[in-house]
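Please find below a short note on the aromatic rings and the enclosed space of this protein. It is arranged as numbered points.

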Amino acid sequence: MSYPESRPRRLRRTAALRRLVRETEIGAGRMILPMFAIHGKNDRREIPSMPGVAQLSVDLLAREGREAFEQGVAGVLLFGIPSTKDARGSEAYDPKGIIPNAVRAVKREAPELLVWTDICLCEYTDHGHCGVVRGGEVDNDATLPLLAEAAVAYAEAGADVVAPSDMMDGRVGAIRSALDAAGFAHVPIVSYAVKYASSFYGPFREAAGSAPQFGDRRAYQMDPANAEEALRETALDLEEGADAVMVKPAVHYLDVIRRVKEQFAVPVAAYHVSGEYAMLKAAAAAGWIDEKRAVAETLLAIRRAGAEILVTYYAKEASRILKEVEW
Ligand code: PBG
């Protein structure tokens, strides 16, 4: 049948009909809120390029985590800003470091809120690279035991999920064996299997103070031109024991999310990153877009592409926005 018998507009005529045939639903229960932990007390430092996001001392962070939980947000993803940085990123795997402290505080305040911990050295190294540097290059194999040590320290503190974002080869396997050996066989790994060398991490590096002091990350993060490579990376991480995988950034890589989802029957997370957040905030502040509708549409697109988990700085706001926006 074709026009005039067939008229797709019939099912779009009223909000009730549109709701009835809607294919994709999103809600805060599928969202993870990234947060930045700092040492100290009652300290909140706004991040200028990410309006609404702040570095928070552990006490304030735990309180905000509880609020997020009360609004239906599934979990938080913790990043730490250490008191001192060094060549080997020591505070990343210090059991008394910023992340173990933050994990314990959030778990006390909101035991049912999922606590994910990012695993990477870049916030903790004085050179800002994601691993230890030897001869001007990031030394893959020398970095693995440090990442594994960090994972164990976070699991000991009570992390529900560990999420390595460093992009070293073999890190999922190294982390899995270390967790298992330490009695944490039950702690899942959500690996950033597909992480591109993206310009959209700029505001995050301001927030985490983690910009590389020389060179860039293209020798370990992926080339934005490649999609098949994403499938190879995913296959390797799953073989090494990843329980779910992440694609990052999200909006410019919807095709990659879809391909990973179609090829592998595992949960897929997508990270709507700092630059993607900052662009929406900036355009909204200028009055150039309707923020609520643009946010709902963006998060919906990521979900429609195939991600069941959305990591987004909008998680808390989204719980409210999604109730207010009518399509
Ligand atoms: C750490 C890490 C980064 C992000 C998440 N984990 C920065 C980077 O790789 O430079 C970016 C997150 C964002 O932009 O929101 N390696």
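1. In sorting residues by class, Ala, Val, Leu, Ile, Met, Phe, Trp, Tyr, Cys and Pro count as nonpolar, Asp, Glu, Lys and Arg as charged, and the others, Gly among them, as polar. A cavity is a set of points, on a 1 Å grid over the protein atoms alone, where a 1.4 Å probe fits but cannot get out, and its lining residues have an atom within 4 Å of a point.

2. The model is predicted: local features need pLDDT of at least 70 and side-chain atom pairs 80 or more, while totals for chains, interfaces and linings use all residues. Residues are numbered from 1 along each chain as its sequence is written, and side-chain values use heavy atoms, without hydrogens and water.

3. The largest cavity holds about 150 Å³ of space, a volume being the space filled by probe spheres set on grid points joined across faces, edges and corners. Of its 19 lining residues, Cys 122, Lys 195, Tyr 201, Phe 204 and Lys 248 are the closest to its centre. The lining comprises nine nonpolar, four polar and six charged residues.

4. Which ring lies beneath the charged end of Lys 195? It is that of Tyr 201, with the charged end 5.5 Å from the ring centre (the criterion is NZ of Lys or CZ of Arg within 6 Å of the ring centre and within 35 degrees of the ring normal). The charged end of Lys 248 also sits over the ring of Tyr 201, 4.7 Å from its centre.

5. Phe 204 belongs to a cluster linked by ring pairs, which also includes Phe 36 and Phe 79. Rings of Phe, Tyr and Trp (its six-membered ring) pair if their centres lie within 6.5 Å; planes under 30 degrees apart count as stacked, over 60 as edge-to-face and the rest as tilted.

Conventions:
On a 1 Å grid over the protein atoms alone, a cavity is a set of points where a 1.4 Å probe fits but cannot get out, and a pocket is an open set with protein on both sides within 12 Å along at least five of seven lines; lining residues have an atom within 4 Å of a point.
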